[in-house]
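Trainee: I have a chain to go through. Can we take it piece by piece, with the reasoning spelled out?

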Amino acid sequence: MQLPAALEPWAPWLALLPPDLAETLGDMLLRLHPLVGRLNPATLRSGSEPAGVGNIVRRGHYERLLITEWAYADAEPDEFLRRAGSGELLFTGPEPAMHQRSLESIALFDAGLSQLGEPRLAQVALFILLARRAQQAGARFRWGVWQQPGTLHEVSDASGLKKLIKARTLAAPSDAADQWQTALPPVLQDCWLVGAASLTLPQRTCMRTLIRPALLARQLDITLHQRDTRQELKLDLPDANDCVRLLRLLVASPVPAGVVRQVSHKPSRAQPPRFGMNGQRLAVAQLNGGAMTYHVPSSSGTQPGKSRSEAAPGKGMILAAGLLTPKLSYIRAVDHQLFFHNLPGPLFAGRTLSAPRPEMEQFRAPPGMSRWLPLFFMQQRGQNRVLVLDTKKQLVCWQISSAQPELAFHPVASNVIGIIDFGKTVQFACLEGEGIQLYQWQIWQERPQKFTYVGHQGTHLWFGGKHHSDHSGRMMLAIQRSDTDWWVAYGGDGSVVQIDDGATVLGVAISVRNPNPGLVVLHPGRQRLELRVRGARYELATSTEAIQQASFDAASRRMAWITARTSTVIVRGIDDDQVLLQISAQGDQDAT
């Protein structure tokens with residue numbers, strides 16, 4: 001969903017709604033936003049000693065008065081008094097890093113009778129505004145329901161919003177001020193009470209928002225008491241049917257067809273999810289050292305197939321892996337020996353073969369790596385090849401044939417800066433001379449063949465998938481020429497895309513949003529994926545929590561990411577609006 005620019009800050013929450021209702025709630029956010037304001041840094045507690053001198057100021061305690069001012073007091077007492085009365089004395093200021101401490105914002109919501117119905121929409125808008133306000137200030141945001149004294153929640157994303165709406169009750173708000181006074185932190189600079197007017201406030205509550213339906217108009221009367229100020233707003237309400245739809249959609253928690261809930265398996269956030277079999281399978285590393293593989297549905301309304309578990313190796317560790325079959329194919333390293341598991345082809349025939357581990361100069365794969373090396377497989381009659389790209393950009397091969405039943409190792413290429421598997425063909429790029437040489441290795445060929453030379457130097461190359469409407473055989477490439485400069489080409493035409501904000505490039509693709517090829521990137525804010533084409537940016541997907549790892553499959557044009565807090569794995573196509581697959585690690589997360 002492409003939101004208006006003014007509503008982009010609240011996109012993770014508005015993504016729950018269809019476009020028309022997102023803009024309806026967005027109008028309420030824009031009206032209420034000026035009342036909430038910014039969260040300012042909290043000052044040093046009185047009596048705390050600064051760590052050092054950060055600057056010189058005109059106000060402060062007299063024990064921090066500059067020595068030159070004391071000289072005035074000794075030599076010219078009258079001048080000292082005049083300077084003191086005029087505010088001209090100079091003091092040492094505290095170190096700025098110590099002048100601030102960690103921020104915390106707490107909001108308490110009345111979920112009783114007076115707030116049922118349309119006032120709940122204003123509570124929803126204030127929840128979003130306060131959560132985003134705390135996020136912008138780098139503050140911790142917690143919230144609670146007035147009728148549940150002492151319980152504070154830290155979930156402020158879409159699932160937290162649903163929890164707030166479901167907390168509605170028919171009970172009148174009781175006087176729980178004393179209980180909340182005990183539960184709140186002893187030092188609190190930002191605490192809000194959102195709800196009815198008849199409540200006694202805890203002493204630490206400094207902001208109070210009253211929400212009442214207007215008597216003679218289709219409006220809500222909003223009154224904000226913020227310390228010594230009072231602000232009032234008459235908030236126009238949307239159409240009654242839209243109000244009902246909004247609340248129902250926010251409360252509803254449908255489980256899409258592609259959601260997989262699991263409790264016994266915990267994904268690892270150390271490496272991104274890995275696609276295979278033309279994007280139809282997904283492998284996710286697990287915390288216990290094993291892996292789970294999943295079938296990715298072809299559409300959002302299709303149930304995913306059976307997932308498969310690969311137990312952690314009893315000895316050694318997974319060194320390289322790829323999805324060549326519904327199960328994970330991998331190479332396990334144990335001391336100076338390598339074991340090849342779940343590889344296809346009659347020469348492996350469901351058995352595990354082994355080979356000596358090559359010397360470090362020939363195959364660089366240090367023990368204890370947090371990521372699997374990429375693994376590829378080539379099969380032809382009477383001969384199989386297993387390809388691995390190591391950490392020193394060396395492409396190596398283990399070969400077995402009916403005439404030679406033992407795995408034989410040999411290097412293939414060095415300075416490999418990009419590789420892709422098209423099924424019966426593996427293409428890779430090597431730095432050679434003043435440019436990049438592209439190679440193609442088809443299953444019936446004994447060795448790779450040169451087929452294109454690109455006159456650009458680079459440190460990394462992404463291959464694009466074959467566009468569904470193009471049968472000319474043109475290639476899509478993205479070459480990183482510097483820290484910020486990427487050259488993107490489709491066939492012979494190329495353009496430069498600048499990535500100068502710290503975004504992470506995941507691949508190159510063409511979308512329905514633009515006919516030209518662009519870079520699929522993870523935004524530096526780590527809550528959305530974008531397509532960047534020349535000077536334009538297009539939002540592909542958003543996440544309500546930070547994205548820890550992300551990957552893109554060029555062949556299927558599908559994205560997968562794993563979230564930082566709940567380890568939820570999500571798969572979407574770059575032109576899809578719906579989730580194809582979601583794996584909830586804790587069994588209680590809703591689709592995003």
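**Buried and paired: a walk through the chain**

Mentor: Start with Ile400. Its relative accessibility is 1%, so Ile400 counts as buried. Keep in mind that this is a predicted model.

Trainee: In which strand does Ile400 lie?

Mentor: Look at the strand that covers residues 395–401. Ile400 lies in strand E20.

Trainee: Which residues are in contact with Ile400, leaving aside neighbours within four places in sequence?

Mentor: Some come from earlier in the numbering, including Leu347, Phe348 and Leu353. Gly382, Gln383 and Asn384 are also in contact with Ile400. The list is completed by Pro405, Glu406 and Leu407.

Trainee: What separates the C-alpha atoms of Ile400 and Arg385?

Mentor: Along the chain, Ile400 and Arg385 are 15 residues apart. In space, their C-alpha atoms are separated by 6.5 Å.

Trainee: How many residues lie between E20 and E21 in their hairpin?

Mentor: Strand E20 pairs with strand E21 (residues 408–413) in the antiparallel sense, over five bridges. In that pairing, Gln399 stands opposite Ala408. The hairpin of E20 and E21 has a linker of six residues.

Trainee: Next, the helices. Are H3 and H4 parallel or oblique to each other?

Mentor: The axes of H3 (residues 67–75) and H4 (residues 77–85) come within 5 Å. They cross at roughly 130°. Over 145 degrees would count as roughly antiparallel, and 65 to 115 as roughly perpendicular. H3 and H4 are therefore oblique.

Trainee: How many charged residues has the contact of H3 with H4?

Mentor: H3 brings Glu69, Tyr72, Ala73, Asp74 and Ala75. H4 brings Pro77, Glu79, Phe80 and Arg83. By class, five residues are nonpolar and none is polar. The charged ones number four.

Trainee: Now the open sheet. Which strands are at its edges?

Mentor: Four strands form the sheet, in the order E26-E27-E28-E29, with antiparallel pairing. The twist averages 20° from one strand to the next. An edge strand pairs on one side only, and that picks out E26 (460–463) and E29 (493–498).

Trainee: Which residue stands opposite His460 in E27?

Mentor: Strand E26 and strand E27 (residues 476–480) run antiparallel. Four bridges join them. Opposite His460 in E27 stands Gln480.

Trainee: Backbone next. What is the phi of Asn278?

Mentor: Most residues other than glycine have a negative phi. Asn278 lies in the loop between strand E10 (274–276) and strand E11 (281–285). Asn278 is not a glycine, yet its phi is positive, at about 60°.

Trainee: Is Ser567 buried or exposed?

Mentor: Ser567 is found in the loop between strand E35 (558–563) and strand E36 (569–573). Ser567 is not a glycine either, and has a positive phi of about 55°. Under 20% relative accessible area means buried. At 7% relative accessibility, Ser567 is therefore buried.

Trainee: Finally, the whole chain. How many strands does its secondary structure have?

Mentor: The chain has 592 residues, and 50% of them count as buried. Its secondary structure includes nine helices. The strands number 37.

Trainee: What share of the exposed area do carbon and sulfur atoms supply?

Mentor: The chain exposes about 27800 Å². Carbon and sulfur atoms supply 50% of that.

Technical notes: Residues numbered from 1 in each chain as written. Predicted model: local features only at pLDDT ≥ 70, side-chain atom pairs only at ≥ 80, totals over all residues. Heavy atoms only, no water. Helix = DSSP H or I, 4+ residues; strand = E, 2+ residues; numbered from the N terminus. Buried < 20%, exposed > 50% of the residue type's maximum accessible area, 1.4 Å probe, protein only. Areas by Shrake-Rupley, 256 points an atom, 1.4 Å probe, with all protein chains shown as cover. Axes fitted to C-alpha atoms, helices over the stretch in contact; angles between N-to-C directions. Parallel < 35°, antiparallel > 145°, perpendicular 65-115°, else oblique. Contact = heavy atoms within 4.5 Å. Nonpolar A, V, L, I, M, F, W, Y, C, P; charged D, E, K, R; others polar. Pairing = 2+ DSSP bridges.
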